[in-house]
Amino acid sequence: MNYLNTFFKKKKKILFQDIIKILNAKNQKKYKNLAINDIQNLDQAGKNDITFFHTSKYKDLLEKTKSNIIITNSKLSDLIPKSKIKFVVENVLISVANITEYIYPDSLNDEFENNFINHKKNKKYKNVKFGSNVIIGENVKIGKNCKIGHNSIVESNVIIGNNCNIGCNVIIKKTIIGKEVSILDGAIIGKKGFGFFPNKEKNIRYPHIGIVIINENSEIGC
């Protein structure tokens with residue numbers, strides 16, 4: 001099931017020449033004005049998306065990918081079809097991290113959000129019961145008969161289904177929640193992931209652009 005990712009802002013204009021500079025690539029100049037849409041996994045990438053192939057266990061997905069632009073290493077480069085544009089790099093995952101950060105400039109940030117609404121005056125939340133000191137971000141969708149406990153924060157663009165019970169001191173961001181879900185006191189959901197790639201000069205933090213999806217009839221502990 002695919003969901004539109006409204007939680008991360010992408011650069012409006014991405015050209016192939018931008019990727020050439022990031023990867024310090026050679027012999028790719030003829031494609032420099034090609035427009036790039038996004039960076040995706042092999043199985044999700046479209047023809048104008050960049051994708052990556054870093055281990056032979058994904059060879060089946062490589063044969064099926066729609067992407068025309070693939071990042072790989074020298075050991076695997078011969079497996080890339082000649083019809084594809086390939087970038088051969090020393091470390092595929094570090095290259096992917098650098099491109100992801102370029103396409104999604106805020107992907108490494110996890111600051112608190114300042115864009116909040118007054119839910120007490122918003123008529124679309126009339127079927128929701130709020131505790132004290134609840135903060136709701138912009139464009140949040142909350143279903144009928146939901147309860148949100150004291151001192152909880154629901155950041156912008158989060159979706160909560162019907163009949164959900166959100167406890168006290170809960171933080172929810174970058175999340176889509178189905179109906180009949182209970183989230184217990186103190187839970188933090190959707191916080192930026194933690195991960196580094198070791199490099200010779202310094203560790204490179206990996207940008208996370210994923211979202212959390214909680215299906216219906218689930219219960220989440222703190």
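Two strands count as paired if DSSP finds at least two bridges between them. Keep that cut-off handy for the exercises below, and remember that the model is predicted.

**Exercise 1. Work out which strands β2 pairs with, and what covers its faces.**

Step 1: Start with β3 (residues 85-88). It shares 4 bridges with β2, running parallel, and that clears the cut-off of at least two. One spot to look at is I70, which sits opposite K86 in β3.

Step 2: Now try β1. Here 3 bridges link β1 and β2, again in the parallel sense. I70 turns up once more, as the bridge partner of T51. To get from β1 to β2 the chain passes through helix α2 (residues 59-64), and this β-α-β crossover is right-handed.

Step 3: Check the faces. I69 and I71 are buried on one side of β2, while I70 and T72 are buried on the other, so both faces are covered.

**Exercise 2. Find the edge strands of the open sheet that contains β5.**

Step 1: Write down the strand order. It goes β5-β8-β11-β14-β19, 5 strands with parallel pairing.

Step 2: Look at the ends. β5 (128-130) and β19 (219-220) each have a single partner strand, so one side of each has no neighbour in the sheet.

Step 3: Zoom in on β5. Its link to β8 (residues 146-148) is made of 3 bridges, and F130 faces I148 in β8.

**Exercise 3. Describe helix α3 and place T100 in it.**

Step 1: Get the length. α3 (residues 92-103) has 12 residues and spans 16 Å from first C-alpha to last, close to the 16 Å expected.

Step 2: Look at the N-terminal end. N91 caps it, with a side-chain oxygen 3.2 Å from the backbone nitrogen of L93.

Step 3: See what the helix packs on. The buried residues of α3, including V92, I99 and I103, pack against α1, β1, β2, β16 and β17.

Step 4: Pick out T100, a residue of α3. Its relative accessible area is 3%, so T100 is buried. Leaving out residues up to four places away in sequence, T100 touches I39, S107, P207 and I209.

**Exercise 4. Locate the salt bridge and say whether its two residues are buried or exposed.**

Step 1: There's 1 salt bridge in the structure. E155 and K173 form it, with their closest N and O atoms 3.6 Å apart.

Step 2: Place the pair. E155 is in the loop between β9 and β10, K173 in the loop between β12 and β13, 18 residues apart.

Step 3: Check burial. Both E155 and K173 are buried.

Terms used. Residues numbered from 1 in each chain as written. Predicted model: local features only at pLDDT ≥ 70, side-chain atom pairs only at ≥ 80, totals over all residues. Heavy atoms only, no water. Salt bridge = Lys/Arg side-chain N within 4 Å of Asp/Glu carboxyl O. Helix = DSSP H or I, 4+ residues; strand = E, 2+ residues; numbered from the N terminus. Buried < 20%, exposed > 50% of the residue type's maximum accessible area, 1.4 Å probe, protein only. Expected span 1.5 Å × (residues − 1). Contact = heavy atoms within 4.5 Å. Polar contact = N/O pair within 3.5 Å; in protein donor to acceptor, adjacent residues only side chain to side chain. Right-handed = clockwise from strand over helix to strand, strands pointing away.
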